[in-house]
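Student: I have a chain on the screen and some labels I want to test. Can we go through them one at a time?

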Amino acid sequence: MKEFAKEFYHSQAWKRCRDAYAKAAGGLCERCLERGLYNPGEIVHHTVALTPDNIHNPSVALAWDNLELVCRNCHAELHGAAKRYRVDALGRVLL
Ligand SMILES: [Zn+2]
Ligand SMILES: [Zn+2]
């Protein structure tokens, strides 16, 4: 976890947001589900990565349309693979 994000990830606002999102998403990894696999979602990932500039902006940091429930493998893939894929203007990875 990056230093600037520590406070955010420990905030009540994020914990509430994350738990509510994970519940609404059905508790399964959304990426695996697209491939027909049922794996428990373990991490709520920000599609548009948090930066020191946007982390205090709730429409990025706490917006459900910027969140994705993923398993550990998919999360590692999302972050590890980011450099190998093109990203759009919003920083979203194009698969
Ligand atoms: Zn997955
Ligand atoms: Zn992530």
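Tutor: Start with contacts. This is a predicted model. Among contacts with a separation of 6 or more, 52% join residues 24 or more positions apart.

Student: What pattern does the chain follow along the sequence?

Tutor: The order is α-α-α-β-α-β-α-β-β. That reflects five helices and four strands.

Student: How much of the chain is buried?

Tutor: Buried residues are 12% of the 95 in the chain.

Student: Why is Arg 31 called buried?

Tutor: Arg 31 has 21 other C-beta atoms within 10 Å. The cut-off for buried is 20 or more. Arg 31 therefore counts as buried. Its place is in helix α3, residues 30-34.

Student: Which residues does Arg 31 touch, beyond those up to four places away in sequence?

Tutor: Val 70 and Cys 74. The C-alpha atoms of Arg 31 and Leu 69 are 8.0 Å apart, with their positions 38 residues apart along the chain.

Student: Why is Ile 43 called partly exposed?

Tutor: Count the neighbours: Ile 43 has 16 other C-beta atoms within 10 Å. Buried needs 20 or more, and exposed needs 12 or fewer. The count falls in between, so Ile 43 is partly exposed.

Student: Where is Ile 43, and what is it in contact with?

Tutor: Ile 43 belongs to strand β1. Setting aside neighbours within four places in sequence, Ile 43 is in contact with Val 70, Arg 72 and His 75. Its C-alpha atom is 8.6 Å from that of Cys 29, 14 residues away along the chain.

Student: How do you know that β1 and β2 pair?

Tutor: Pairing takes at least two bridges. Four bridges join β1, residues 43-46, to β2. The two strands therefore pair, and they run antiparallel. His 45 stands opposite Glu 68 in β2.

Student: What makes you say both faces of β2 are covered?

Tutor: Look at each side. Leu 67 and Leu 69 are buried on one, Glu 68 and Val 70 on the other. In a regular strand, side chains alternate between the two faces of the sheet.

Student: What makes up the largest nonpolar core?

Tutor: Six residues: Cys 29, Leu 69, Val 70, Cys 71, Cys 74 and Leu 78. Two elements, β2 (67-70) and α5 (72-80), give two or more residues to this core. Nonpolar side chains tend to be buried together in soluble globular proteins.

Student: Which residues is Val 70 in contact with, leaving aside neighbours within four places in sequence?

Tutor: Cys 29, Glu 30, Arg 31, Gly 41, Ile 43, His 45, His 75 and Leu 78.

Student: Why is α2 called hardly covered?

Tutor: Of its 13 residues, the count of buried ones is zero. Helix α2 covers residues 12-24 and reaches 18 Å from first C-alpha to last. That is close to the 18 Å expected at 1.5 Å a residue. Just after α2, Gly 26 takes a positive phi of about 95°.

Student: Why is Leu 62 called partly exposed?

Tutor: Leu 62 has 18 C-beta neighbours inside 10 Å. Buried starts at 20, and exposed stops at 12. Leu 62 therefore counts as partly exposed. Leu 62 sits in the loop between α4 (58-61) and β2.

Student: What does Leu 62 touch, not counting residues up to four places away in sequence?

Tutor: Ala 13, Trp 14 and Cys 17. The C-alpha atoms of Leu 62 and Cys 17 are separated by 6.4 Å, though the two are 45 residues apart along the chain.

Note on methods:
Residues numbered from 1 in each chain as written. Chains lettered and ligands numbered in written order. Predicted model: local features only at pLDDT ≥ 70, side-chain atom pairs only at ≥ 80, totals over all residues. Core = buried A, V, L, I, M, F, W, Y, C linked by C-beta atoms within 7 Å. Contact = placed C-beta atoms within 7 Å. Expected span 1.5 Å × (residues − 1).
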